[in-house]
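Okay, thanks everyone. I'll keep this short and walk you through one model, so have a look at the screen.

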Amino acid sequence: GGFEIPMLPGYAALVGAGWLEAGGCYVVANIRGGGEFGPAWHQAALRENRQRAYDDFIAVAEHLVATGVTSPRHLGIRG
């Protein structure tokens, strides 16, 4: 999550029932700017380095496509 608030892995029953059972995949991308890995991780994407957060998000999406987890047509993002 943003603002140095961690978004830790967990199980969301609604996601499991509605999406995973239909063959979908749910991924949490811990991009720089969040609080998952401490203050330095959060600060690495502030101000003039904000582009890093977007680059991290893009890298996760590209990796999911490259490894066959999904395709560009089936990829959705939130955040």
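Let me start with one residue, W19, which sits in the loop between helix 1, residues 13-18, and helix 2, residues 39-43. Bear in mind as I go that this is a predicted model. So, how exposed is W19? Its relative accessible area comes to 45%, and partly exposed means between 20% and 50%, so W19 gets the label partly exposed. W19 also has company: together with M7, L20, Y26 and V28 it makes a nonpolar patch on the surface. Taken together, those five have about 460 Å² of accessible area.

Now let me step back to the overall layout. The chain has three helices and zero strands, so if you read from the N terminus you get α-α-α. Its C-alpha atoms fill a box of roughly 40 × 25 × 15 Å along the principal axes. And of the 79 residues, 16% count as buried.

Next, charge pairs. How many salt bridges turn up when you search the whole structure? Just one. The partners are D56 and R32, and their closest N and O atoms are 2.8 Å apart. What I like here is that the pair links distant parts of the chain: D56 belongs to helix 3, residues 51-66, while R32 is in the loop between helix 1 and helix 2, and the two are 24 residues apart. As a reminder, side chains of opposite charge can pair when their charged atoms come close. Are the two partners buried or exposed, or something in between? D56 has 14% relative accessibility, and the cut-off for buried is under 20%, so D56 counts as buried. R32 comes out at 24%, which makes it partly exposed.

While we're in helix 3, have a look at A53, which is in that helix too. A53 has 3% relative accessibility, so it counts as buried. If you go from A53 to P72, you cover 19 residues in sequence and 20 Å in space, C-alpha to C-alpha.

One backbone oddity before the pockets. R47 isn't a glycine, yet it has a positive phi of about 50°. You'll find R47 in the loop between helix 2 and helix 3. With a relative accessible area of 70%, R47 is exposed, because the cut-off for that is over 50%.

Right, pockets. The largest pocket holds about 1100 Å³ of space. There are 35 residues lining it, and the closest to its centre are V27, F57, I77, R78 and G79. Which element gives the most to that lining? That would be helix 3, with six residues. Split by class, the lining has 19 nonpolar, twelve polar and four charged residues.

The second largest pocket has a volume of about 160 Å³. Its lining is made up of M7, L8, P9, G10, Y11, A12, V15, G16, L20, Y26 and V28. Some of those names should ring a bell: M7, L20, Y26 and V28 were in the surface patch with W19. By class, this second lining has nine nonpolar and two polar residues, and no charged ones.

That's my tour. If you want to go back to one spot, I'd pick the D56 and R32 pair, since the search found one salt bridge in the whole structure and those two residues form it. Happy to take questions.

Methods
Residues numbered from 1 in each chain as written. Predicted model: local features only at pLDDT ≥ 70, side-chain atom pairs only at ≥ 80, totals over all residues. Heavy atoms only, no water. Patch = residues over 30% accessible without salt bridge, like charges linked within 9 Å, V, L, I, M, F, W, Y side chains within 5 Å. Areas by Shrake-Rupley, 256 points an atom, 1.4 Å probe, with all protein chains shown as cover. Salt bridge = Lys/Arg side-chain N within 4 Å of Asp/Glu carboxyl O. Helix = DSSP H or I, 4+ residues; strand = E, 2+ residues; numbered from the N terminus. Buried < 20%, exposed > 50% of the residue type's maximum accessible area, 1.4 Å probe, protein only. 1 Å grid on protein atoms, 1.4 Å probe; cavity = no way out; pocket = protein on both sides within 12 Å on 5 of 7 lines; lining within 4 Å. Points joined across faces, edges and corners; volume = space filled by probe spheres on them. Nonpolar A, V, L, I, M, F, W, Y, C, P; charged D, E, K, R; others polar.
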